[in-house]
Amino acid sequence: MESYDPNAVEADVQQYWAQSQTFEVDEDPGRDSYYCLCMFPYPSGKLHMGHVRNYTIGDVISRFKRMQGMNVLQPMGWDAFGMPAENAAIKNKVAPAAWTYQNIDYMRDQLKRLGFGYDWKRELATCKPEYYRWEQWLFTRLMEKGIAYKKTAPVNWCPVDQTVLANEQVIEGRCWRCDTEVERREIAQWFLKITDYADELLADLDTVEWPEQVKTMQRNWIGRSEGMEVKFEVPGHDALMIYTTRPDTLYGATFMAIAAEHPLALSSASNNPEIAEFIDACRNTNTSEAALEKMEKLGYPLGIDAVNPVNGEPIPIWIANFVLMGYGTGAIMSVPAHDQRDWEFARKYEIEIRQVIEPADGSKIDLDLGSFVTREGRCCHSDILDGLEFDAAFDCIADRLEKQDKGTRQVNYRLRDWGVSRQRYWGAPIPVINCTQCGPVAVPESDLPVVLPEDIEFEGIGSPIKKMDSFKQTTCPQCGGEAERETDTFDTFMESSWYQERFSCSDQHQAMLDDRADYWNPVDLYIGGIEHAILHLLYARFYHKLMRDEGLIQSSEPFKRLLTQGMVLKDGGKMSKSKGNTVDPQELIDRYGADTVRLFIMFASPPEQSLDWSDSGVEGAHRFLKRFWTAVVDHQAHGSETPTNTDASLNDTQKAIRLKLHETIKKVSDDFDRRLTFNTAIAANMELLNSVSRFQDVSPAAKAIRQEVFENMVLMLAPIVPHICHRLWQILGHGDQIVDQAWPQVDETALVQNSIEMVIQVNGKLRARMQIATDESRESCEAKALDNEQVTRFIDGKAVKRVIVVPNKLVNIVI
């Protein structure tokens, strides 16, 4: 009897798939398309278990949809630009490109070993010029539209590495890599006007089938608010414009706070060394909102007052380290009685705290304990607003300020325009030429792509292309004079924002997209971690709309449905190298085979939940596959019969097996299609194998039933464990490949039961079971239960008070 050798089986099957080009697909207008996409990986060197889980889920769903008759696209590529390659280049003394391509080759082999059904002819890597040339092209179009623009903005700057740091790379005010104290600098950078699309990005969240948690995170990030822009006059200076969602608290404003980079602060510093010193200190502040929330709030008085527009009172102006010039106007009004940050600042610097909102029930509050933050109260100590609740107070003061030309109603967003410049090497060059006469000029389309030099020596101090005259020196496309190329590169979120569309036509070299994009897009199911809920998914949605408005694609959203898979945990925590609790997928594949790994991954928990790693669980999955293999091979060795799909001549035991089979098909189909609970689908097949293993009948009819059971089990498990099922399908006598078979169909006649089993209880305790006809009357059920041989000994000589019959379930005899 042929034994189960997973490595041999999987190697043969994968070779067959490759030679047959099994998973290469083309557009077919006559068939429904299904585009399943997993977030593509960064080529870090090796796959980790998070990758394996993500991609196994996607592959299982893709194979299932193919068996349902759909034209399925499942591609794979590489999110290849980024800082890790630069760090590896420094550590290993190898160019980032060489390190990246080597990793891609290794990880591609790992993906193939796992049996994922990818259309490899569509493979792309974002670091290839043939890919990023099209985002360069689109960027030049966005420059023409004014959506791409350049302005100065505060950044985290490492003076040693000569580069901008992401907020996450600043640890306690120091560079994460060299531990140098970080500076806050104003640097000219390129931006995309994502704020122009804020309303549409909000509204279209209602059109996609995404987890509500992710939608809420995006809504909060976009942060639409309705408020007022209010003018505070500053005698002898330009007025301060502030935005507030609480104009009803204007009477409680007791100080103004401005950013260190605000023009008023800078002008004051010119003749005040102490102010200048404080501004310099603020330049070492991290620019992230999270960091601003946690840090100590510091300020310095300007010695200048603003005028409160509602009552004419003077309000002192302070420079505060928690106000950034890049957010709003760089100035805020502060109401310490009703904002906790302002309350802490006011207590620290002994600024007046004035209550202007009171509880709706008239109860007292103690402002010595903290601020009173609510919209549910009513105004007090506020002149014409006294006694009004929020909505009425808002309208009252807004009307008054607008009539006096001191303010306007305004909708604001927490969302800021997307800064896409990075002062790093390993990224796509920004296609701009800087001319002293003409300013920033887009690179002409005929000169694209602007290719990043890959054969470089990378030391990690600044970007090598900034020192590379052969890259920098050029001529201006407009005036023909000497000019320099932009040496900043794109934020790597640019590349990952449109790869899903490019997969549909990755061989198109004359355009960014072609008509095939509308056949496949939007993606039917996108799978990835919830940690990407905001930035990647928001930027991808924005970029899709940019391409739509450029006439490149018709749809408005890139992903119809989103599945956020849970983390892989081990020893109570997330797998990570630092914790020493990682599991190498390659070792498991070598030991047990890819199908065992896939089966355990899908059986251990539903996709959205965290998966607790279990070595014994992996071994259990392997034992099941060996048992499944042995059962099928043993069945075939004893001769098989063609299934008849009829119950007419079957006995009750044979009918029961067919009933179990088709109940399983019905359940598993729902688990795959609607519920996405693959763990329960696997459990149902395990139960079915147990049932057929206890089925000892060796008649021709019984052999035909076994054949039917095993064929359908192989079909149901094929998306999850495709290698073993490919071979077992052949062992069961089929010459064609299982991946092209249709998903099993329920035989409704097999679900029709002539008899059922009912439980018999005496005083609520199980005492016997009996078979009855499905149309048995209540009286007959009661009589048969009372006459049951096992039951009579429990009621012998005792009075029967009543008999309770629950149709098709139980009879309870009360004595």
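## Q355 and its surroundings

Q355 is buried, because its relative accessible area is 19% and the cut-off for burial is under 20%. This is a predicted model. Q355 sits in the loop that runs between α11 (340–349) and β16 (357–358). Setting aside residues up to four places away in sequence, Q355 touches A337, H338, I365, L367, C380 and H381.

Q355 also serves as one end of a distance across the chain. Its C-alpha atom is 63 Å from that of V597, and 242 residues separate the two along the chain.

## Two positive phi angles

H381, one of the residues that Q355 touches, has an unusual backbone entry of its own. Its phi is near 50°, a positive value in a residue other than glycine. H381 belongs to the loop between β17 (378–379) and α12 (390–403). Is H381 buried or exposed? H381 is exposed, because its relative accessible area is 56% and the cut-off for exposure is over 50%.

K93 is another non-glycine residue with a positive phi, here about 55°. K93 lies in the loop between α3 (83–92) and α4 (96–113). Its relative accessibility is 75%, so K93 counts as exposed.

## Cis peptide bonds

L448 and P449 are joined by a cis peptide bond, with omega at about 5°. P449 is in the loop between β22 (439–442) and α13 (469–472).

N521 and P522 are also joined by a cis peptide bond. Here omega is about 0°. P522 falls in the loop between α15 (516–520) and β26 (523–528).

## The chain as a whole

The chain has 815 residues, and 54% of them count as buried. It holds 25 helices and 34 strands. Along its principal axes, the C-alpha trace spans about 105 × 75 × 50 Å.

How much of the contact set joins residues at least 24 apart? The share is 71%, taken among contacts between residues at least 6 apart in sequence.

## Helix α22

Helix α22 covers residues 700–717, 18 residues in total. From first C-alpha to last it reaches 26 Å, close to the 26 Å expected at 1.5 Å a residue.

Why is α22 described as largely enclosed by the rest of the structure? The reason is burial: 15 of its 18 residues are buried.

## Nonpolar cores

The largest nonpolar core contains 176 residues. Which residues have the most contacts inside it? They are M49, I61, F139, M512 and W613. Another core lies apart from the largest one. That core has 40 residues, among them M228, I242, C282 and M333.

M512 shows what surrounds one of these well-connected core residues. Leaving out residues up to four places away in sequence, M512 touches W134, E135, W137 and L138. The list of its partners also includes W498, R502, C505, Y543, M547 and L552.

## The second largest pocket

The second largest pocket has a volume of about 370 Å³. Its lining is made of 15 residues. Those nearest its centre are D652, A656, L659, Q753 and S755.

Two or more lining residues come from each of α20 (652–675) and β31 (755–762). The top contributor is α20, with 6 residues. By class, the lining has 5 nonpolar, 4 polar and 6 charged residues.

## The second largest cavity

Rolling a probe the size of a water molecule over the atoms shows where empty space is left. A search of the whole structure turns up 4 cavities of 30 Å³ or more. The second largest cavity holds about 100 Å³ of space.

Which residues line the second largest cavity? They are F23, V25, D59, S62, R63, R66, V72, L73, Q74, G117, Y118 and D119. At least two of these lining residues come from α2 (49–67), and at least two from β2 (71–73). Helix α2 gives the most, with 4 residues. By class, the cavity lining has 5 nonpolar, 3 polar and 4 charged residues.

Technical notes
Residues are numbered from 1 along each chain as its sequence is written. This is a predicted model: local features need pLDDT of at least 70, side-chain atom pairs count only at pLDDT 80 or more; totals for chains, interfaces and linings use all residues. Side-chain values use heavy atoms; hydrogens and water are left out. The expected span of a helix is 1.5 Å times one less than its number of residues. Buried means under 20% relative accessible area, exposed over 50%, partly exposed in between (1.4 Å probe, protein chains only). On a 1 Å grid over the protein atoms alone, a cavity is a set of points where a 1.4 Å probe fits but cannot get out, and a pocket is an open set with protein on both sides within 12 Å along at least five of seven lines; lining residues have an atom within 4 Å of a point. Grid points are joined across faces, edges and corners, and a volume is the space filled by probe spheres set on the points. Ala, Val, Leu, Ile, Met, Phe, Trp, Tyr, Cys and Pro count as nonpolar, Asp, Glu, Lys and Arg as charged, and the others, Gly among them, as polar. A nonpolar core is a set of buried Ala, Val, Leu, Ile, Met, Phe, Trp, Tyr and Cys residues joined through side-chain atoms within 4.5 Å. Contact means heavy atoms within 4.5 Å.
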